[in-house]
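Take a slow look at this chain before reading on. The report below visits its loops, sheets and helices one by one.

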Amino acid sequence: MPTTEKLPFPVVLPVSPLVRLKTWWSRLTPQRQDRFAMLAPLAAVVLFLVAILSAFAYLRLEEISREREAISRDVEYTHQRLRLRLLEQQEQLGRFAREVGSREISHQEFMNRAEALINLYPEVQGLSWIDERRRTRVDYRTANLPAPPQKAAEAADGNAPAVDNFALARELLVPIYSTPRVSPGRDSTLELHLPLIEKAKFKGTLLALYSMDAIFLYGIPNEINAKYAMSLQDAQGTLLAGSIISEKQIKRKLLPWASPVNSYEMPVSPIGNGLILQGQAYRTSLGVIGSGLFWLVMVLSAITAWLLLANWSHTRRRIRAQEALVQETAFRRAMENSILTGMRTMDLQGRITYVNAAFCQMTGWSEAELVGQTAPFPYWPDEDIEMLKQRLNEELSGNILPSGIHFRVKRKDKVIIDARLYVSPLIDAFGHQTGWMTSMIDITEPTRVREQLAASYERFTTVLEALDASISVAPMGSNELLFANKLYRQWFGTQADGHVQLVAEAGVPTPVASDETQDEVDAFAGLPTDQLADKEAESAEIYLGTMGRWLEVRTRYLSWVDGRLAQMVIATDISARRNAEEQAQVQAERAQTASRLITMGEMASSVAHELNQPLTAINNYCHGMVSRIKSKHISEEELLGALEKTAKQAHRAGQIIHHIRSFVKRSEPNRTLANVTTMVTEAVELAEIELRRRNVKLNQYLVPKLPAVLVDPILIEQVLLNLLKNAAESVDAAQRPTAQRLIKLTVAQAYVNDKPVIEFKVVDSGLGISPDMMEHLYEAFYSTKAEGMGIGLSLCRSIVESHMGRMKAENLYNGATVTGCCFTFWIPVAEPVPTAPTKRFAQPTLQISP
């Protein structure tokens, strides 16, 4: 019995393309097979037209290729003949030029030889003998080209192109052809310059003038000229002789691109690229497209294509109709199954005939369990059966309200849900009612949300009623009060008058009231109110004399529940806080006054010493005058001078007392536009008393024309005096040499955060500030001096910050050695602002830049 052995490798049998095509076709869906079958006629039409057009295109291209080969061959033959003829003429003319250059010939002999050459070569229209100075010695021309001899000389010596050719022939000593020259109303000409050489010396040129028409006439064979449109052109394509065929002259009624003009061109030697020989083929045959067979085949092809396209269009419309029907059916089924509304259909007897997937999902019963059922239905709760039967009778009789009915539904798992039912008659295609269509919506979640919203509203209202602030909401342009909490009702009652009063007192403009009782749209309908609602709340502090309270009023725009633009006002009683702020302000003023008194007390010895000088001078002047008056040794002028000096010393003492009195005098805070130079001068005059006592020199630098600042001048002078006094004490404590006992005061304009400020800088040469002391520098009641109270720098920083400024201190170093300390503070420059109408408090016309 034969045995079969298993091969060690898999065997793959070749699959024919036909089998693969059948396998691919069987895997397609019927819809795709119909589409491919529908595209088969269209593909056949396209392939048939492509094959016909490809065949005719090939034949036409083959014909054009043969025609192009023939014209190129004939043009090259013509060029060869023309070239040989020109070279022959150039050789004869060259011999004549050598004879003219090698010996002197007479005028008559030149004319005879020129006439013989022109008769031999009709292309040459004239010969001219031009010497080395470009003067025409002899000129011979044919009768059809008359020109006086001087014309040739001018042409040779003028600005014409011949000048360049003459110079080129003189330089190269070879024959030079010029570019063809086109003259209006005359034949085109060509010049040949042949150098006249005698013993290697240039003696002039022999100028030969060619006629382009004669070159064309005698150089182009007649058989070629009859077969093609031959022409001579210059480098720019200008026609010099012959004829050309342009695309505009060819009239193609059917296909403008079907018969292009075949042409071939090449430069004429020995002339060069300046003269082009071009040949264009005449169209003598009808061509492939012009034949009757072509149009017969095209008409038959068009009829065949039209029949196939008509069949394809009909098949396409049929398949589209089938696909549309299938899609519509699937769409309706998908829509019914995807909507969340339950759909139920009953006949006129109350029997269920159809339910959708949503209805089955709501009730928990399947379609098979519901279709065909009559009342009572399985999804009716047992306790509501009688009521639901009555509602069903009303439904069958058409007495259901359009707003629907609310009832409970018992699911299959015994869970009760809330639902709303809407009923409408079911009409067939003939207009007859065949039953009732019912739509059911599950409203369990909306009902729960509504109950939670009611509870939330109650809680929110309770919170608002318990607030210690008055809250009111009123629409814009109306006296209606939309909401008011308990405190508002206690203060202002239930009317909107209190709301309007708070808005007016807070400085918020009240809109013009409008009568909206006859219109459902408010006065701000159509305006972009969303930005108003997003705006931050505005705050103001007002005093109501009727209530005797200070209130902080905050206003905000909001969109009410009905879409109207409303304004919410929150008023908080801040009377206690205002009283505390006023008391704190009074204490701060007392502290400032006490600080000034303490400063003056610390400077009492310096002030006494400063007053002692003018008083001593007054005493001396008085004793001197008394003694001299008693001895009668004083004149009236001397007495007058002594009295003036006494008055001057008394005035000096009065100024010192006036400055001290103005500095320590307690007054109300008064911020005005102050001149920086005046403030610094007043403070320095008081500080110099202490500086002179401690033998400290003050160097001050004030930038001229500094802008004004909005400050209390006395307080700023107090800060400067305190800093200068501390600097003097620090220099004195350091026991510096006299040359180093310096204080520098610099006042200049600077910029902080791009805002202009006035910067005050006090630099001393003392021992600086230790790190431990730097941490507690501005703490109240902290001082390193035995007699100090520790309120100076703390009060200075408070004054500066109250003027929206800042103060800082830093040590100065020379390497690792402390060489002094620098105190710096700045005050913002006053900036003008546009004036606005005041509501309760007068607003200043200047504001401080932060």
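Pro-270 sits in the loop between strand S8 (263-268) and strand S9 (272-281). The peptide bond that leads from Ser-269 to Pro-270 is cis, with omega near 15°. Please keep in mind that this is a predicted model. Another loop, between helix H11 (367-370) and helix H12 (385-396), holds Pro-376. Here a cis peptide bond joins Ala-375 and Pro-376, and omega is about 0°.

Lys-414 is worth a stop too. This residue is not a glycine, yet its phi is positive, at about 75°. You will find Lys-414 in the loop between strand S12 (405-410) and S13.

From that loop we can move on to the strands. Strand S13 (residues 416-427) pairs with S14 in the antiparallel sense over nine bridges. Within this pairing, Ser-424 has Met-437 of S14 as its bridge partner. S13 and S14 form a hairpin with five residues between them, and Gly-431 in the turn has a positive phi of about 85°. Strand S14 (residues 433-442) is also joined by six bridges to strand S10 (residues 342-347), and these two run antiparallel. There, Gly-342 has Met-440 in S14 as its bridge partner.

Two open sheets come next. One has five strands in the order S2-S1-S5-S4-S3, with antiparallel pairing. Its edges are strand S2 (136-141) and strand S3 (176-177); each has a single partner strand, so one side of each is left without a neighbour in the sheet. The other sheet also has five strands, in the order S16-S15-S19-S18-S17, and its pairing is antiparallel. Strand S16 (483-484) and strand S17 (538-544) stand at the edges of this one, each with a single partner strand, so one side of each lacks a neighbour in the sheet.

The table lists one strand pair from each of these sheets.

| Strand pair | Bridges | Direction |
|---|---|---|
| S1 (residues 124-131) and S5 (residues 201-211) | seven bridges | antiparallel |
| S15 (residues 469-475) and S19 (residues 565-573) | seven bridges | antiparallel |

To locate these pairs in the picture, look for Trp-129, which stands opposite Leu-206 in S5, and for Pro-475, which stands opposite Ala-566 in S19. As a rule, side chains in a regular strand alternate between the two faces of the sheet.

Helices lie across these strands. Helix H6 (residues 212-219) lies across S1, strand S4 (189-198) and S5, running at about 70° to S5. Helix H15 (residues 497-505) lies across S15, S17, strand S18 (549-559) and S19, and runs at about 80° to S19.

How do two helices pack against each other? Helix H20 (residues 676-693) and helix H21 (residues 713-734) pack at an angle of about 30°, with their axes 9 Å apart. That angle makes H20 roughly parallel to H21, because angles under 35 degrees count as roughly parallel. The crossing of H20 and H21 is right-handed. Residues of H20 that take part include Met-679, Val-680 and Leu-686, and they meet a set in H21 that includes Ile-716, Leu-720 and Leu-724. The residues of this contact divide into 13 nonpolar, no polar and two charged.

Finally, how many salt bridges does a search of the whole structure find? The search finds 25. In one salt bridge, the side chains of Arg-448 and Glu-445 meet at 2.0 Å, N to O. Both residues, Arg-448 and Glu-445, lie in helix H13 (residues 444-466), three residues apart, about one turn of the helix.

Methods. Residues numbered from 1 in each chain as written. Heavy atoms only, no water. Axes fitted to C-alpha atoms, helices over the stretch in contact; angles between N-to-C directions. Helix = DSSP H or I, 4+ residues; strand = E, 2+ residues; numbered from the N terminus. Parallel < 35°, antiparallel > 145°, perpendicular 65-115°, else oblique. Left-handed = near helix turned anticlockwise from the far one by under 90°. Contact = heavy atoms within 4.5 Å. Nonpolar A, V, L, I, M, F, W, Y, C, P; charged D, E, K, R; others polar. Pairing = 2+ DSSP bridges. Salt bridge = Lys/Arg side-chain N within 4 Å of Asp/Glu carboxyl O.
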